[in-house]
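Q: I have a model open and want to learn how to read its features one at a time. Could you walk me through it?

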Amino acid sequence: VEKYCEKHSIPCFIFNAPYHSKGNFQDYARIFRYEKMIEIQNQVNADAIVVAHHKDDDIETFLFQKERKSSVDYYGLKEEGQYKKSKLIRPFIKFHKSELIEYCELNEIEFGIDESNENLKYVRNRIREQLRHFTTQQKDDLLKQKEEFNTTRHAYLVKHQHDLEKTSMSMNAYLKLDKSFLLEWLRYHRVKKSISSSFIIELDRQIRDSNSFVINTDSKRIIKQYNRISLIDLETKFYLYN
């Protein structure tokens with residue numbers, strides 16, 4: 001990469017990550033990369049960060065989410081997304097890895113292989129290994145399934161837009177909504193950075209069974225009082241219901 005940038009007069013910034021021996025190394029490395037990219041983005045006043053995720057990464061992320069039974073706001077990877085306040089662009093998301101390798105080989109562009117991807121102790125790497133043996137048709141079927149999931153969720157959000165915008169509702173109104181609503185309501189108001197299925201199940205139980213409660217999250221206070229369920233900013237000290 002350094003040689004390529006020098007050849008094409010592209011500014012190149014290189015960082016050596018501190019030694020890391022505990023926890024998930026790949027998660028640590030990913031966070032370190034993104035933090036440094038944001039640092040450079042601010043330094044050079046760039047409009048966005050461009051990352052090299054490809055179509056196989058998109059499928060891999062979708063399978064990873066399904067295996068983990070993750071509660072996500074989007075399945076797979078978006079062509080344009082965001083990390084913290086930085087805009088992310090993925091220009092290669094429509095190309096398979098094999099197509100990118102073929103392009104590099106035809107144009108004599110050197111590329112490297114990340115050796116940590118071969119370590120099968122990581123779930124994502126095991127999924128990546130399985131994908132190597134998938135046919136193009138199997139991959140296309142997974143992408144179609146991913147799009148169906150995202151389309152279904154988008155339709156749900158449009159249908160329930162009015163209720164999602166509310167920060168307070170009566171128990172009678174809440175009980176008329178289906179089980180998907182609570183998760184989408186919390187997401188809409190960015191109540192927590194990460195919302196687990198167990199949290200949703202327990203919160204729904206408390207909403208239905210408890211007379212009153214107050215739960216503090218990353219940014220909101222979830223309150224049940226006077227037969228109403230409400231989301232209040234943590235900074236709000238006093239509030240009342242009309």
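Q: Let's take the hairpin of strand 2 and strand 3: how many residues sit between the strands, and which residue takes a positive phi?
A: Keep in mind that this is a predicted model. The hairpin has 2 residues between its strands, and Lys 84 is the one with a positive phi, near 55°.

Q: How do strand 2 and strand 3 pair, and over how many bridges?
A: The general idea is that strands of a sheet pair through backbone hydrogen bonds, in a parallel or an antiparallel way. Here, strand 2 (residues 80-83) and strand 3 (residues 86-89) go antiparallel, over 4 bridges. If you want a pair to click on, Gln 82 has Lys 87 in strand 3 as its bridge partner.

Q: Now the sheet of 4 strands: what is the strand order?
A: Reading across, you get 4-7-6-5; the sheet is open and its pairing is antiparallel. Strand 4 (168-170) and strand 5 (213-216) are the edges, each pairing on one side only. On average, neighbouring strands of this sheet are turned by 15° against each other, direction ignored.

Q: Which residue in strand 6 does Ile 215 stand opposite?
A: That would be Ile 222. Strand 5 and strand 6 (residues 220-225) are paired antiparallel over 4 bridges.

Q: Which strands does helix 9 lie across?
A: Helix 9 (residues 181-188) crosses strand 4, strand 6 and strand 7 (228-233), and runs at about 20° to strand 7.

Q: And helix 10: which of its residues are buried?
A: Start with the general idea: an α-helix has 3.6 residues a turn, so residues three or four places apart point the same way. In helix 10 the buried ones are Phe 199, Ile 200, Leu 203, Asp 204, Gln 206 and Ile 207. They lie on the same side of the helix because they cover an arc of only 160° around its axis. Look at the other side and you find Ser 198, Ile 201 and Asp 209 exposed.

Q: What do the buried residues of helix 10 pack against?
A: Their partners are helix 8 (171-175), helix 9, strand 5, strand 6 and strand 7.

Q: How far apart are the end C-alpha atoms of helix 10, and what span should its 13 residues have?
A: At 1.5 Å a residue, helix 10 (residues 197-209) should span 18 Å, and the end C-alpha atoms are 18 Å apart, so the two agree.

Q: One last residue: is Gln 65 buried or exposed?
A: Gln 65, in helix 3 (residues 55-68), has a relative accessible area of 9%, so it counts as buried. A polar atom of the Gln 65 side chain lies 3.4 Å from the backbone oxygen of Tyr 74.

Conventions. Residues numbered from 1 in each chain as written. Predicted model: local features only at pLDDT ≥ 70, side-chain atom pairs only at ≥ 80, totals over all residues. Heavy atoms only, no water. Pairing = 2+ DSSP bridges. Axes fitted to C-alpha atoms, helices over the stretch in contact; angles between N-to-C directions. Contact = heavy atoms within 4.5 Å. Buried < 20%, exposed > 50% of the residue type's maximum accessible area, 1.4 Å probe, protein only. Polar contact = N/O pair within 3.5 Å; in protein donor to acceptor, adjacent residues only side chain to side chain. Expected span 1.5 Å × (residues − 1). Arc of directions from axis to C-beta.
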